[in-house]
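I opened my notebook today to look up which charged side chains pair up in this structure. Come along and read over my shoulder.

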Amino acid sequence: MSDLFTALDLLDLVIASSDGLASEGDREVAAQTAASARSRREYLGDAILIAIAGGTGSGKSSLLNAIAGDAIASTSELRPHTDEPLAWIPTGDPVVAAFVADMGIDAVIEHEDARGFAILDLPDLDSIDGRHRALVERLVPSADAIIWLFDPVKYHDPSIHRDFLADMTDYQRVFLFVMNKIDRFDDAEREAVVAHLTGILEVDGFADPAVIPIAAAPREGTPQGIDRLRDAIELRLVDARADRLKIVEDIREAGRRLAADANVWNGTADGTYDRIRETAGDAEKLGVVLTEAGIEGPLRDSLEASSPGDEIEDLLICRSEFAATVAALGVACSSVRQREGGVVA
Ligand SMILES: Nc1nc2c(ncn2[C@@H]2O[C@H](COP(=O)(O)OP(=O)(O)OP(=O)(O)O)[C@@H](O)[C@H]2O)c(=O)[nH]1
Ligand SMILES: [Mg+2]
């Protein structure tokens, strides 16, 4: 637990020491991430918040109903249907209630279930209604974990893979991938469609993605695969403390962006600083050294504008300190990930 505080404090230090090294835009984004990670940290309680995200009609509201065992969310054959997010939260968990209220979600239904999770039914993310997409884009990053729900007709839609998933592969530990409506298929077709989605997720960049087949609201009979999905929620999200894993991934990602801006994430080649000192004052040679070292952005501008001697020395010291703080952040994040994520397969 204290590791999480350490990682948050280190992110603050990384942001402060990136002054003049990373772009102002990225520093602002990192500061926002740090603020929301810290506020989620304040809210950490027993239940984790899992959002169901997917295309219109994939069956998000039906899935919430199947998990709840009750028709709490409105479903429809008409698209798009859900306009407002609906949160299904454990009774008597003021922490999750406050978290959900803070996200601006008004529709809340409490459940007596002792399970340690809350579910958020979202509008569609591929909507013709721009307001839906904006809402989903705002809420998805706030949830602790996401069930990505696909249906057999649109599971390869680029608006999900290209616009969302391909940029989020580092968050795999807090994702579950689910294929709905499998009642429409025989066994062989079901296997083929699950294998195909698995392949597409691998192309997105996920390692060994597991796709769970379900039928949340089959045309005939009762829902299928919900027990297996519930087991995965318990083991891979609740027991693995997805809330903490998510915070640490947000922290790591914010640090990584700043480090990438100043190109210190992968270290600096031996002798780089000496070569900068030696070539300072010769714009052409310095430019070659900086390009070889991958030093771009605000730091490059400052180095090129500085006179040899103290000015250059100060900038190199700033960069060294920044790199050391980034490395410490990386270590703190790994330590939380290992401790919290031990249960994740
Ligand atoms: N055959 C079959 N139909 C399903 C299944 N799950 C959902 N449906 C149907 O698919 C349609 C859409 O379901 P919804 O739950 O409203 O889908 P949604 O993802 O919430 O849709 P939006 O709110 O528009 O984003 C409804 O007609 C459901 O009855 C399933 O497992 N099998
Ligand atoms: Mg819906």
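**Entry 1: burial of an acid.** I began with Asp26, whose relative accessibility is 16%. Buried means under 20%, so I noted Asp26 as buried. I should say early that I am working with a predicted model.

**Entry 2: its partner.** Next I looked up what Asp26 pairs with, and I found a salt bridge to the side chain of Arg257, 3.0 Å from N to O. I then checked where the two sit: Asp26 belongs to helix H2 (residues 24-43) and Arg257 to helix H9 (residues 242-261). They are 231 residues apart, and the pair links distant parts of the chain. Arg257 has a relative accessibility of 36%, so I wrote it down as partly exposed.

**Entry 3: helix H2.** I stayed with H2 for a moment and asked which of its residues are buried. My list reads Asp26, Arg27, Ala30, Thr33, Ala34, Ala37, Arg40, Arg41 and Tyr43. I also tested the length of H2: with 20 residues at 1.5 Å a residue, I expected a span of 28 Å. The end C-alpha atoms of H2 are 29 Å apart, which agrees.

**Entry 4: a pair between loops.** Here I found Asp126 and Lys154 in a salt bridge, with their closest N and O atoms 3.0 Å apart. Asp126 lies in the loop between strand E4 (117-121) and helix H5 (130-139), while Lys154 lies in the loop between strand E5 (145-150) and helix H6 (158-161). The pair therefore ties together parts that are 28 residues apart in sequence. Asp126 is buried at 19% relative accessible area, and Lys154 is partly exposed at 25%.

**Entry 5: a pair that belongs to a network.** I moved on to Arg133 and Asp163, which form a salt bridge with their closest N and O atoms 3.5 Å apart. Arg133 is in helix H5 and Asp163 is in the loop between H6 and strand E6 (175-179), so this bridge ties together parts 30 residues apart in sequence. I marked both as partly exposed, Arg133 at 24% and Asp163 at 28%. Which residues share a network with them? I found that salt bridges with shared partners join Arg133, Glu137, Arg162 and Asp163 into one network.

**Entry 6: the count.** How many salt bridges are there? My tally came to 25. I added one reminder for myself: side chains of opposite charge can pair when their charged atoms come close.

Note on methods. Residues numbered from 1 in each chain as written. Chains lettered and ligands numbered in written order. Predicted model: local features only at pLDDT ≥ 70, side-chain atom pairs only at ≥ 80, totals over all residues. Heavy atoms only, no water. Salt bridge = Lys/Arg side-chain N within 4 Å of Asp/Glu carboxyl O. Helix = DSSP H or I, 4+ residues; strand = E, 2+ residues; numbered from the N terminus. Buried < 20%, exposed > 50% of the residue type's maximum accessible area, 1.4 Å probe, protein only. Expected span 1.5 Å × (residues − 1).
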